[in-house]
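Biologist: Got a minute to go over the ligand site? Pull the model up and we'll start with polar contacts.

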Amino acid sequence: MELWFTEKANDYVGLSCRVREILTRKQSIYQEITVMDTKQFGKILLLDGVLQTTTKDEFAYHEMISHVPLNSHPNPRKVAVIGGGDGGTVREIVKHKSIEKVVLVEIDADVINISKQYLPEIAGGLDDQRVEILIADGIDHIQKSKDVYDIIIIDSTDPVSGGPAFDLFTSDFYTCVYEALTKDGIMVTQTESPYYEPEAVQHIYQAVSKSFPITRLYLAYIPTYPSGMWSFTLGSKSKKPEAMANKHNQGFPTKYYTPDIHKAAFSLPVFVQNLITEK
Ligand code: SAM
């Protein structure tokens with residue numbers, strides 16, 4: 001018998017892949033957490049049946065959500081990650097020598113525990129001694145933080161109505177993020193597929209623009225996310241992120257990110273550019 005998993009992007013299209021084995025499945029306070037093994041994508045983490053990350057292509061997402069903002073900042077020392085309980089974003093952040101502290105604010109401790117047990121190749125960075133893990137709502141933490149972080153990365157689940165991540169995509173929250181950042185501070189948030197969720201991309205870009213003088217959209221290619229084309233929205237207090245690409249001599253290996261990719265990621269296809277310039 002063949003077992004197949006399908007993630008529907010909407011009522012009309014989805015991604016299917018054959019499952020080798022369900023490794024674990026648990027209902028936490030917030031969501032159903034599943035890790036399964038597949039031939040095509042390796043191990044896959046699902047939350048409420050929605051694909052979060054796979055061991056085959058996670059590097060593209062985690063490198064681009066972390067190295068782009070970090071390398072756009074003159075001297076990033078203190079970083080907050082909101083969500084990100086699988087640990088992939090933290091794993092990339094701690095590669096930077098300038099980093100003194102990373103605070104991971106994840107609402108669901110079970111995501112962290114299951115990722116450590118079943119996805120150690122992704123979650124490994126969580127054991128770095130510069131990392132502090134808070135099991136809390138990222139909104140509360142950011143509201144209480146003033147002038148604290150050089151970089152804030154919002155690595156959350158999608159903005160589903162009634163879900164814990166919904167308010168992480170509002171202009172009120174981005175105002176709090178602005179206040180939580182230090183002088184040259186930069187935030188980035190994952191912002192859906194321009195093909196399947198153009199209104200969400202547009203809405204989030206406008207919301208970030210209300211708080212940040214410099215707002216940019218950039219893209220990365222992640223085969224297991226709906227349509228494969230994924231967007232990130234970056235807000236910066238002072239530095240233009242596309243101008244900072246060659247500033248850092250990384251000194252560590254990557255599989256997706258390069259200074260050229262950093263610069264190129266801000267070059268948008270016309271239909272995506274129109275989304276953020278049309279009123
Ligand atoms: N890369 C993934 C994606 O885009 O599909 C997201 C990765 S990570 C697993 C997302 C995490 O955000 C989840 O573990 C979820 O529990 C957490 N999360 C959702 N809302 C949150 C909130 N308000 N505060 C903190 N963490 C939150």
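Modeller: Sure. An N or O atom in the side chain of Asp 137 is 3.1 Å from a nitrogen atom of the ligand. Keep in mind that this is a predicted model.

Biologist: How much of the ligand's accessible area does the protein cover?

Modeller: The ligand has 600 Å² of accessible area on its own, and the protein covers 99% of that.

Biologist: Back to contacts. What does Tyr 61 do with its side chain?

Modeller: An N or O atom there is 3.3 Å from a nitrogen atom of the ligand.

Biologist: And Ile 107: backbone or side chain?

Modeller: Backbone. One of its backbone N or O atoms lies 3.2 Å from a ligand nitrogen.

Biologist: How many residues surround the ligand?

Modeller: 24, and the closest are Gln 31, Glu 106, Asp 137, Gly 138 and Pro 164. By type, the shell has 11 nonpolar, eight polar and five charged residues.

Biologist: Which strands supply residues to that shell?

Modeller: Strand S5 (50-54) and strand S7 (101-106), with at least two residues each.

Biologist: New topic. Which pocket is the ligand in?

Modeller: The largest pocket.

Biologist: And where does the ligand lie relative to domain 1 and domain 2?

Modeller: Between them, because domain 1 (3-52) and domain 2 (58-277) both give residues to the shell.

How values were computed:
Residues numbered from 1 in each chain as written. Predicted model: local features only at pLDDT ≥ 70, side-chain atom pairs only at ≥ 80, totals over all residues. Heavy atoms only, no water. Near = heavy atom within 4 Å. Polar contact = N/O pair within 3.5 Å; in protein donor to acceptor, adjacent residues only side chain to side chain. Areas by Shrake-Rupley, 256 points an atom, 1.4 Å probe, with all protein chains shown as cover. 1 Å grid on protein atoms, 1.4 Å probe; cavity = no way out; pocket = protein on both sides within 12 Å on 5 of 7 lines; lining within 4 Å. Sits in = over half its atoms within 2 Å of the grid points. Helix = DSSP H or I, 4+ residues; strand = E, 2+ residues; numbered from the N terminus. Nonpolar A, V, L, I, M, F, W, Y, C, P; charged D, E, K, R; others polar. Domains from an automatic or database assignment.
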